[in-house]
Amino acid sequence: MFRVWRSRSKNDDPWKLAERMSRLLQVHRSRYHKADLLQVQRAYRIAEEMHRGQNRKSGEPYITHPIEVATILASLGVDTPTVAAGLLHDTVEDTSYSLEALATDFGDEIAVMVDGVTKLDKIHLGDSAEAETFRKLLISAHQDIRVAVIKLADRLHNMRTVQFKKRPSQIRIANATKDVLIPLADRLGLYLIKRELEDLVLQTLEPERYQRITEALADDSSRQRQMDRILPQVKKALKRFKVHAKLHDRPRHPYSVHREMEKKPGTSPSDPPRIVIEVDGDTTDCYAALGAVHQQWQPHMSKFRDLIAAKKFNLYQSLHTGVYADDGEIVEFLIRTKEMHRVAELGIIAELTGHANRRLRTQQQLPWLQRLNQWQSEVADSDFFLDSLRCDLAEQDINVLIPNEGTATVMKGANAIDLAYTRNGPEAHKLIAVYINSRIAPLTQPLKEGDTVDLVFTAEDDPYGPSEEWLRCTKTAEAKVYIRGWFQQRLNEDQSVAKIPRQHIQQEIVNGKERLLYSLRKKDRGLANEKPLLNIVSTFDLPDLNSLYVAMAREEIQPDVVAERLINSVDRTGML
């Protein structure tokens with residue numbers, strides 16, 4: 001039902017631009033009932049004129065890229081301004097066409113979207129260009145979520161053609177896609193794009209693993225036999241419960257199989273049956289369908305999840321369950337209504353349909369994006385911002401209950417300190433205690449889904465404030481930003497010449513350690529104690545551990561270099 005546009009034939013003549021444009025117009029007209037084809041054609045004419053003479057690494061005319069990006073967007077059912085912005089998205093960045101001219105020709109709505117996906121100049125910003133480009137994207141997406149959708153469509157087509165790049169560029173682009181854009185697609189609920197990006201990244205970074213999996217999936221005749229046997233039984237079970245529904249086979253894509261293999265080392269690629277039950281009714285019918293499946297087969301209770309009652313952070317809703325089939329194999333079911341099925345594939349795009357005030361709608365539907373936008377404005381350091389963005393996007397969210405205020409969304413693994421700064425900003429400096437499920441608890445205790453959390457603040461205007469332990473134990477970027485800001489403010493307010501150097505050094509030690517911990521986290525490693533670090537300090541020609549922390553804080557030594565040397569040392573000696 002839902003598909004992302006992709007050129008069907010490998011033999012398409014790249015010079016037949018009229019044919020490609022005809023496809024774009026056809027897709028847009030079929031997916032969006034208010035399509036303004038004249039505006040799309042006008043956007044194409046200007047984009048083609050501006051990009052004329054430019055070629056891609058593949059040898060194709062550059063204009064083929066904007067056409068394909070726009071067609072991907074059209075296949076998602078977006079509106080005409082978004083399709084037009086897809087055609088024009090590289091004109092300001094790569095041609096003489098100015099943003100002012102674009103705004104004059106097409107209006108501010110399209111100009112804002114194009115500006116949002118335009119990269120910042122690497123010549124002037126140097127190594128910070130990538131981080132600041134993502135920061136700009138984040139700010140623009142908060143104003144209009146369609147900016148993020150265009151960026152994902154742009155990266156999808158670039159990943160489809162990444163093989164024409166040199167190997168170092170392939171790896172860099174694939175890693176950036178994995179670290180930021182795939183998690184962003186997940187946050188937006190755009191699973192159609194997320195799944196293909198995951199497969200393309202796997203194909204780029206681990207081509208042999210990808211080929212092994214795709215060959216195994218292509219030759220899985222046993223799965224089809226299982227499906228042929230199970231589907232009639234599902235239909236009979238639903239009929240007994242008077243549930244009308246469509247059944248969809250949902251095979252795993254290569255990256256999903258790869259992920260399962262990573263969880264169980266040594267296993268071969270496999271794709272057991274997984275069926276979507278799309279009920280022709282409301283939520284009640286979903287639970288009736290669940291009862292039908294559980295009456296037919298014995299449920300595997302660890303596979304059950306009710307994501308209808310507890311909607312995910314990206315709007316996804318379904319009942320998940322697994323059962324033991326007649327042959328003992330586990331069969332998984334995803335049960336949802338038609339609208340849930342649409343949202344499960346299209347995410348925020350499904351929710352935006354018919355809503356003119358996209359900024360308000362985004363803030364209501366995607367609180368995580370509002371949270372990201374709030375803390376990023378407090379971060380001056382580009383490297384810290386990009387590391388924090390990767391960590392924030394990669395983590396799942398949970399919902400907790402705050403008495404008399406309703407539910408709050410926080411990052412999985414966050415504690416009361418994180419929650420306080422997420423909801424209260426700098427006012428969280430006054431946090432002094434927390435009750436979790438009506439019992440006093442440590443401020444650093446990780447919160448769990450469904451916890452009732454009662455935060456206690458002091459009424460004093462000048463509280464004692466956060467401690468260095470808070471900085472070590474917090475998980476969210478906004479908490480770290482506000483706590484660091486508190487320490488910096490106290491440093492600035494203290495006019496004692498004798499105290500300032502000592503306090504400044506102490507803060508640099510804390511900052512340096514935090515930078516190292518971020519580098520280790522990116523490599524899925526941690527630091528249980530400082531003994532391994534002591535063993536490598538001398539390799540940097542430094543007298544002690546604090547000197548190493550200060551050097552990292554001042555960017556005299558890169559934390560990634562320290563992390564790599566530490567990991568090599570630990571793995572060689574077997575200390576951890």
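These legends walk through several close-up views of a predicted model.

**View 1. The whole protein, before zooming in.**
This is a predicted model, and its secondary structure adds up to 28 helices and 11 strands. Of its 576 residues, 51% count as buried. The protein exposes about 27900 Å², and carbon and sulfur atoms supply 48% of that. If you take the contacts between residues at least 6 apart in sequence, 67% of them join residues at least 24 apart.

**View 2. Helix α1 and its two sides.**
Start with α1, which takes in residues 17-31. From first C-alpha to last, this 15-residue helix reaches 21 Å, close to the 21 Å expected at 1.5 Å a residue. Which residues of α1 are buried? They are Leu 17, Arg 20, Met 21, Leu 24, Leu 25, Val 27 and His 28. Looking down the axis of α1, you'd find these buried residues within an arc of 165°, so they line one face of the helix. An α-helix has 3.6 residues a turn, so residues three or four places apart point the same way. Turned away from the buried side is a face with the exposed residues Ala 18, Gln 26, Arg 29 and Ser 30. As for the partners of the buried residues of α1, they pack against α2 (37-51), α3 (64-75) and α4 (80-88).

**View 3. Helix α7 among its neighbours.**
Now move along to α7, residues 108-117. Here the buried residues are Ile 110, Ala 111, Met 113, Val 114, Gly 116 and Val 117. What do they pack against? The list runs to α2, α4, α5 (91-94), α6 (99-106), α9 (129-143) and α10 (146-160).

**View 4. Leu 88 and the largest nonpolar core.**
The largest nonpolar core holds 75 residues, and those with the most contacts inside it are Leu 76, Leu 88, Ile 110 and Leu 188. Helix α10 gives the largest share of this core, 8 residues. Apart from this core lies another one, of 28 residues, with Val 410, Ala 414, Ala 479 and Phe 487 among them. Zoom in on Leu 88 and set aside its neighbours within four places in sequence: Leu 88 is then in contact with Ala 43, Ile 46, Ala 47, Leu 102, Phe 106, Ile 110 and Val 114. Two of these names, Ile 110 and Val 114, may be familiar from the buried residues of α7.

**View 5. Strand β5 and the strands it pairs with.**
Strand β5 covers residues 319-324 and is mostly covered itself, with 5 of its 6 residues buried. Which way does β3 (residues 298-299) run against β5, parallel or antiparallel? The pairing is antiparallel, over 2 bridges, and Pro 299 stands opposite Val 323. Strand β4 (residues 305-306) also pairs with β5 in the antiparallel sense, over 2 bridges; there, Asp 306 stands opposite Leu 319. Between β5 and β6 (residues 330-337), which run antiparallel, there are 6 bridges. Tyr 324 stands opposite Ile 330 in β6. These two strands, β5 and β6, make a hairpin with 5 residues between them, and Gly 328 in the turn has a positive phi of about 90°.

**View 6. Two loop residues with positive phi.**
Lys 242 sits in the loop between α14 (221-240) and β1 (245-249). Its phi is near 55°, a positive value in a residue other than glycine. Is Lys 242 buried or exposed? With a relative accessible area of 71%, Lys 242 is exposed, because anything over 50% counts that way. Ser 438, in the loop between β9 (431-436) and β10 (439-441), has a positive phi too, near 70°, and is likewise a residue other than glycine. At 68% relative accessibility, Ser 438 counts as exposed.

**View 7. Asn 415, a buried loop residue.**
For the last view, find Asn 415 in the loop between β8 (406-411) and α22 (416-424). Asn 415 has a relative accessible area of 2%, so this residue falls under the 20% cut-off and is buried. What does Asn 415 touch, not counting residues up to four places away in sequence? The answer is Leu 443, Thr 444, Gln 445, Pro 446, Leu 447, Cys 473 and Thr 474. Take Thr 474: Asn 415 and Thr 474 are 59 residues apart in sequence, and 7.0 Å apart in space from C-alpha to C-alpha.

Conventions
Residues numbered from 1 in each chain as written. Predicted model: local features only at pLDDT ≥ 70, side-chain atom pairs only at ≥ 80, totals over all residues. Heavy atoms only, no water. Helix = DSSP H or I, 4+ residues; strand = E, 2+ residues; numbered from the N terminus. Expected span 1.5 Å × (residues − 1). Buried < 20%, exposed > 50% of the residue type's maximum accessible area, 1.4 Å probe, protein only. Arc of directions from axis to C-beta. Contact = heavy atoms within 4.5 Å. Core = buried A, V, L, I, M, F, W, Y, C linked by side-chain atoms within 4.5 Å. Pairing = 2+ DSSP bridges. Areas by Shrake-Rupley, 256 points an atom, 1.4 Å probe, with all protein chains shown as cover.
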